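This report looks at a protein chain through its ring pairs, its charged pairs and its surface. Please keep the structure in view while reading.

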Amino acid sequence: MILLDLDLPDARGSKLVEEVVALSGQVPVVVLTGYENEKFGLETLSMGVADYLLKDELSPFLLAKSITYSIERNRINRSLRDSKEQYQELFDLSPQPMWVYDHETLKFLDVNHAATQHYGYSREEFLSMSITDIRPEEDVSLLLGAIEKFKDSESLNYAGIYRHTKKDGTNILVEIHLQRDYL
C-alpha cells in the first residue's frame, strides 16, 4: 500500500500521480490531499489510484477503512486477472476451433489457434471478419434466422450442424455450439 501526499517538493498533481501509479505495479495507491476538487479526484481514480482522501476529513477509522478496502479490491482484481489468464489459456490451447463474436455486429472478437489452423485465416484476418464471412452466401439467411431465434429464446445453449467455408473455398460441415453470455 502506498499513501501518496499530492504536495511533495519535487512533484505535484496529476504528474505525480501518473509517476507513482506507473511505479507501483500491483500495489494499491491511496492519495492523501488537501486539494478538494471532485473532478481532479475522479481523474486520479481513473489513473489507477485506489482511493482519494481529503486530509481535513481524515480520521483513523476512514484511513483504516480505505486501506482495508484497497487491499481487498487489489486481491479480488488479482484473482480476476488470474482467472482470465487461465480461461484464455484453455481457450487458446483447445484443439477445437473456437471463437467469440459480438452478438450485435457478428464480428469476431477472439479466435483460438485451432480455428486459424482449421480455417486457414490468420488471427488478424478473423478479427476483421464477421461470422457471416465463413458461411456460404446462400446459408447467411439461415444463420441470421437461427441467431434471432436464439436471441428470442430463454435457452442458454444452442447446437446445430452448419456449412462453413474455409479460406481456400472448401465447404465443410461443422457442429456449432452457442452459449449465451450474460456478462
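## Two rings on one helix

Tyr87 and Phe91 both belong to helix H3, where they sit 4 residues apart, about one turn of the helix. The model is predicted. Helix H3 covers residues 60–93.

The ring centres of Tyr87 and Phe91 are 6.0 Å apart and the planes meet at 25°, so this pair is stacked. The cut-off for stacked is an angle under 30 degrees. Are the two residues buried or exposed? Tyr87 is partly exposed, since its relative accessible area is 45%. Phe91 has a relative accessible area of 2% and is therefore buried, the cut-off being under 20%.

## Other aromatic pairs

How many aromatic pairs does the structure hold? There are 8 aromatic pairs in the structure. One of them is the stacked pair of Tyr87 and Phe91 described above.

Another part of the chain holds a cluster, in which ring pairs link Trp99, Phe108, Tyr119, Tyr121 and Phe126. Tyr121 and Phe126, both in this cluster, are buried. As a ring pair, Tyr121 and Phe126 are edge-to-face, with 5.4 Å from centre to centre and 65° between the planes.

## Salt bridges

Side chains of opposite charge can pair when their charged atoms come close. In the whole structure, a search finds 7 salt bridges. Among them is the one between the side chains of Asp5 and Lys55, with a distance of 2.9 Å from N to O. Asp5 is in strand E1 (residues 2–5), while Lys55 is in the loop between strand E5 (51–54) and H3, so this salt bridge ties together parts that are 50 residues apart in sequence. Both partners are partly exposed: the relative accessible area is 27% for Asp5 and 38% for Lys55.

A further salt bridge joins Arg123 and Asp110, whose closest N and O atoms are 2.6 Å apart. Arg123 is in helix H5 (residues 123–127) and Asp110 in strand E7 (residues 108–111), and the pair links these distant parts of the chain across 13 residues. Arg123 counts as partly exposed because its relative accessibility is 37%. Asp110, at 12% relative accessibility, counts as buried.

## A network of three residues

Which residue forms a salt bridge with Glu138? The partner is Arg163, and the closest N and O atoms of the two are 2.8 Å apart. Glu138 lies in the loop between H5 and helix H6 (140–152), and Arg163 lies in strand E8 (residues 157–165), so the salt bridge ties together parts 25 residues apart in sequence. Glu138 counts as exposed at 54% relative accessibility, whereas Arg163 counts as partly exposed at 29%.

Glu138 and Arg163 also belong to one network with Asp139, joined by salt bridges that share partners.

## Surface patches

Two kinds of surface patch can be described. Asp82, Glu85, Glu89 and Asp92 form a negative surface patch. Asp92 lies in helix H3. With a relative accessible area of 31%, Asp92 is partly exposed. Why can Asp92 belong to a patch? Patches take residues with over 30% relative accessible area and no salt bridge, and Asp92 has 31%.

Met1, Leu3 and Ile71 make a nonpolar surface patch of about 250 Å². Ile71 is placed in helix H3. The relative accessible area of Ile71 is 46%, so this residue is partly exposed.

## Two single residues

Ser83 is in helix H3 and is partly exposed, with a relative accessible area of 41%. From Ser83 to Asp5, the separation is 78 residues in sequence and 34 Å in space, C-alpha to C-alpha.

Most residues other than glycine have a negative phi. Leu106 is not a glycine, yet has a positive phi of about 65°. Where does Leu106 lie? Leu106 is in the loop between strand E6 (99–101) and E7. With a relative accessible area of 10%, Leu106 is buried.

Key: Residues are numbered from 1 along each chain as its sequence is written. This is a predicted model: local features need pLDDT of at least 70, side-chain atom pairs count only at pLDDT 80 or more; totals for chains, interfaces and linings use all residues. Side-chain values use heavy atoms; hydrogens and water are left out. Patches are made of residues with over 30% relative accessible area and no salt bridge: like charges are joined within 9 Å, nonpolar side chains (Val, Leu, Ile, Met, Phe, Trp, Tyr) within 5 Å. Accessible areas come from the Shrake-Rupley method with a 1.4 Å probe; for residues, only the protein chains shown count as cover. A salt bridge is a side-chain nitrogen of Lys or Arg within 4 Å of a carboxyl oxygen of Asp or Glu. Lys and Arg count as positive and Asp and Glu as negative; His and the chain ends are not counted. The place of a charge is taken as NZ of Lys, CZ of Arg, CG of Asp or CD of Glu. Helices (H or I, at least four residues) and strands (E, at least two) are DSSP runs, numbered from the N terminus. Buried means under 20% relative accessible area, exposed over 50%, partly exposed in between (1.4 Å probe, protein chains only). Rings of Phe, Tyr and Trp (its six-membered ring) pair if their centres lie within 6.5 Å; planes under 30 degrees apart count as stacked, over 60 as edge-to-face and the rest as tilted.
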